[in-house]
Amino acid sequence: HVNNIYQDGTTPMYRDVDGKLWAISGHSHVGQIAMLSGSGIDDLKKVYDIQTNFCVGHADYAFSGIRYPEGVRARGSIWPFGLYICPNTHRFFAFFHNETGWAGRGTAYDSFGLCETPKYDSDFRHIGLMHSDDEGRTWTFDRWVLTGETVCFTDRYSPEGDRVAGQKAGVIKLGSGDFSLFADHAGGYLYLFYNIITLDMDSGWLDCNAYVARSRMRTDGVMGDFVKYYDGAFCEAGNLGRETAIAINAWHPRVVYNQKYDLYFMTCTRVTPGSAKLVDDVMQLRTSKNLVDWSEPTVVTRNGEEWGNHYVAILPDDRRNQPNIVEGDTFSILTNHNATVVMRYPAVIVKK
């Protein structure tokens, strides 16, 4: 691996007010999490490993004692999937994925109970927020910003043994996570495009759909709360609110805006419930005019064959724009699998 970085998920990037492109890459229980910078993805290079002012892992100590919104002690690792830099204060914000079933140092649990590794990925997801005031060298944990409507355990195992009722064992939801961040400067909002997995505890995943929440883009160095899209409007609380799917069987959604076509493009990986691989590492593309109503997916092909990877992301090749703005027909696709090297492929839109 390059620089002891084991990237898991799409790589979060953002361009600061001075024009420098920043990225944060890696996750907390394999290798290092590092900051990278450059003028564009051509010369993006590691500048330093990050440090956190909080610990991860064991539920008694992790995340500064700040519990999940359900009241359960937070535990496990951080996977940074979103980066935003305040233009006025230069404060860095990183949004990260967290799961209850990995690297809990004896306190990890899934839908069935305590575990070393979760049984068919049946653990529970949240999205957390941390900030840095020294360009990503050190990070402070803020809070949990996105939580599923259903609580993060089942009636098979209660992590706190308290009066919160777990989901009834059977068909359950695994919480909000596996996401990316889209900064809409024109509209003035930050969007989190995220997944919720539905699980049959007897057989595995039933579906994995994409959802969206947003927060008004502020420029004073603080981050507002997120509001989920539900039943045609952004109207439900980011923590424990209801949500309506915007794309079906779409793993790890990520959005860019294409200026030439005046369209938003969503890339994701196809999910085929009941198949051997489940997330079948084939890239899909959807388009939208408004970020909530999305087209049916188009499968991306290369030399006539279905093509993709576990994580796929469109990025511009220029040294001017934010990483979620593509000017025309040419761009790059970054791909990787779980904890693997990120590969870059040149791509072009060809009219049929």
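Which residue in β4 is the bridge partner of S37? Keep that in mind as you load the model, which is predicted.

**Stop 1: β2 and β3.** Select residues 21-27, strand β2, and residues 30-38, strand β3. The two run antiparallel and are joined by six bridges. Look at the turn: a hairpin of two residues links β2 to β3. Now pick W22. Opposite W22, in β3, stands S37.

**Stop 2: β3 and β4.** Stay on S37 and add residues 45-49, strand β4. Here is the reply to the opening question: K45 is the bridge partner of S37 in β4. β3 and β4 also run antiparallel, with four bridges between them. Their hairpin has six residues between the strands.

**Stop 3: the second largest pocket.** This pocket holds about 430 Å³ of space. Select T11, S25, L36, L44 and V342, the closest to its centre among 18 lining residues. Colour the lining by class: ten residues are nonpolar, six polar and two charged.

**Stop 4: the largest pocket.** Its volume is about 680 Å³. Select L285, V300, T301, V348 and I349; of the 24 lining residues, these are the closest to the centre. Next, show the elements that give two or more residues to this lining: β18 (279-288), β19 (298-299), β20 (301-302), β24 (330-336) and β25 (343-348). Linger on β25, which supplies the largest share, four residues. Finish with the classes: 16 nonpolar, four polar and four charged residues line the largest pocket.

Technical notes. Residues are numbered from 1 along each chain as its sequence is written. This is a predicted model: local features need pLDDT of at least 70, side-chain atom pairs count only at pLDDT 80 or more; totals for chains, interfaces and linings use all residues. Side-chain values use heavy atoms; hydrogens and water are left out. On a 1 Å grid over the protein atoms alone, a cavity is a set of points where a 1.4 Å probe fits but cannot get out, and a pocket is an open set with protein on both sides within 12 Å along at least five of seven lines; lining residues have an atom within 4 Å of a point. Grid points are joined across faces, edges and corners, and a volume is the space filled by probe spheres set on the points. Ala, Val, Leu, Ile, Met, Phe, Trp, Tyr, Cys and Pro count as nonpolar, Asp, Glu, Lys and Arg as charged, and the others, Gly among them, as polar. Two strands pair if DSSP finds at least two bridges between them.
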